[in-house]
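Morning, everyone. Let's walk through one protein together. Please bring the structure up on your screens.

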Amino acid sequence: YDKDNRMVDCEYLDANAKYLSFINRKSKNEILGKTVTQILPGTEQVWFDSFEPASKKGESIAFDLYTETSDKWYATTGFRLEGEQDTFVCILDDITKRKRMQKQLELEHSRLMNILEAIPDGVYIVDQDFNIQYINPAIKRDFGTIQGRKCYQYFHERTQVCPWCKNKKIYAGESVTWEWYSSKTNKHFELFDTPFKNPDGSISKFEIFHDITDRKTAEEALQKSEEKYRSMMEAMDEATYICSPDFRIEYMNPAMIKRIGHDASDEPCY
């Protein structure tokens with residue numbers, strides 16, 4: 001303890017062979033009588049933050065400890081030795097592999113987020129309670145800030161879950177592609193939904209919004225043009241038909257049907 005009665009370090013009283021192997025020591029004589037931070041430099045703040053309050057309150061402790069000397073992580077638990085005011089027993093478990101895997105997942109997650117920030121399509125991630133976890137700039141540009149709203153409130157201005165919601169399929173492991181028209185933005189979207197594994201192992205829904213408004217507008221214009229063209233052919237007195245590239249009749253107007261005596265649609269024109 002320092003002059004302000006704050007714990008600043010812990011002195012080794014004993015250690016087993018497993019712990020010695022963790023810190024790359026052959027004999028406990030190498031550590032007995034020395035402080036933890038002498039043997040494990042760089043851990044001062046961890047020990048102070050963990051043991052100092054526990055020492056005063058008589059509580060058990062649990063924290064993750066990284067040691068520079070061995071470049072390893074340990075899950076550390078400790079408790080006060082019965083009948084001893086300032087003596088703790090600590091148990092360490094090597095969690096280096098788990099920590100490195102977690103770090104790698106976090107790195108991959110960060111890379112993915114950077115990609116999503118840059119792509120022109122909209123992307124959002126939502127959890128199983130309909131809380132929006134992420135929107136990329138494209139979504140924010142079209143729909144605004146989240147402001148704590150659930151997905152059905154944010155996208156559809158509803159007070160309850162959408163009856164067409166695909167979440168049940170997504171959380172069952174399926175991927176779904178569907179189309180949706182947003183009256184809020186006056187845009188048509190092709191949506192792709194798929195399960196998304198978070199770094200902590202939980203599953204969310206990952207959805208991509210692809211704007212197909214121009215395509216839909218073109219399709220509607222073409223349909224209207226075809227309907228107008230067909231109406232004109234229906235009214236013509238001249239016998240008229242349309243033949244496909246593979247020489248099959250696609251359409252006959254009434255005058256043509258009357259001339260040959262039957263509707264030969266889908267028959268060879270020859």
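Start with Leu65, which stands opposite Tyr74 in strand 2. Its neighbour in sequence, Tyr66, stands opposite Trp73, also in strand 2. Keep in mind that this is a predicted model.

How many bridges join strand 1 to strand 2? There are 7, and the two strands run antiparallel. Strand 2 covers residues 72-80. In the hairpin they form, 4 residues sit between the strands. One residue to look at is Asp71: its phi is positive, near 55 degrees.

Now look along strand 1. Which side chains are buried there, and which are not? Ile61, Phe63, Leu65 and Thr67 point to one face and are buried. Ala62, Asp64 and Tyr66 point to the other face and are not buried. That pattern has a general background: in a regular strand the side chains alternate between the two faces of the sheet.

Next, the sheet itself. It is an open sheet of 3 strands, in the order 1-2-3, with antiparallel pairing. Strand 1 (61-67) and strand 3 (88-94) are the edge strands, each pairing on one side only. From one strand to the next, the twist averages 30 degrees. As a general point, strands of a sheet pair through backbone hydrogen bonds, either parallel or antiparallel.

What lies across these strands? Helix 4, residues 96-118, lies across strand 1, strand 2 and strand 3. Against strand 2 it runs at about 125 degrees.

On to the nonpolar cores. The largest has 19 residues. Those with the most contacts inside it are Tyr124, Phe143, Cys151, Phe155, Trp180 and Phe209. Several elements give two or more residues to this core, including strand 4 (122-126), helix 5 (137-143) and strand 6 (176-182). Helix 6 gives the largest share, 4 residues. Apart from this core lies another, of 16 residues, among them Phe22, Ile23, Ile39 and Ile61. We met Ile61 a moment ago, as one of the buried side chains of strand 1.

Take Tyr124 as an example from the largest core. Beyond its neighbours within four places in sequence, Tyr124 is in contact with residues including Ile132, Tyr134, Cys151, Phe155 and Phe209. In general, nonpolar side chains tend to be buried together in soluble globular proteins.

Now a threonine. Thr194 lies in strand 7, residues 187-197. Is Thr194 buried or exposed? Thr194 is buried, because its relative accessible area is 17% and the cut-off for buried is under 20%. The side chain of Thr194 makes a polar contact with the side chain of Ser175, at 2.7 Å. Not counting residues up to four places away, Thr194 also touches others, among them Ile170, Glu174 and Phe206.

Last, the whole protein. The secondary structure comes to 9 helices and 10 strands. Why call the protein more spread out than a compact globule? The radius of gyration is 35 Å, well over the 18 Å that the globule rule gives for 270 residues, so the protein is more spread out than a compact globule. The C-alpha trace spans about 110 × 40 × 30 Å along its principal axes. Of the 270 residues, 33% count as buried. Among contacts between residues at least 6 apart in sequence, 33% join residues at least 24 apart.

That's my tour. Thank you.

How values were computed. Residues are numbered from 1 along each chain as its sequence is written. This is a predicted model: local features need pLDDT of at least 70, side-chain atom pairs count only at pLDDT 80 or more; totals for chains, interfaces and linings use all residues. Side-chain values use heavy atoms; hydrogens and water are left out. Buried means under 20% relative accessible area, exposed over 50%, partly exposed in between (1.4 Å probe, protein chains only). A polar contact is a pair of N or O atoms within 3.5 Å; within protein, one must be able to donate a hydrogen and the other to accept it, and residues adjacent in sequence count only if both atoms are side-chain atoms. Contact means heavy atoms within 4.5 Å. A nonpolar core is a set of buried Ala, Val, Leu, Ile, Met, Phe, Trp, Tyr and Cys residues joined through side-chain atoms within 4.5 Å. Two strands pair if DSSP finds at least two bridges between them. Axes are lines fitted to C-alpha atoms, for helices over the stretch in contact, and angles run from 0 to 180 degrees between N-to-C directions. The radius of gyration is taken over C-alpha atoms; the globule rule is 2.2 Å times the number of residues to the power 0.38.
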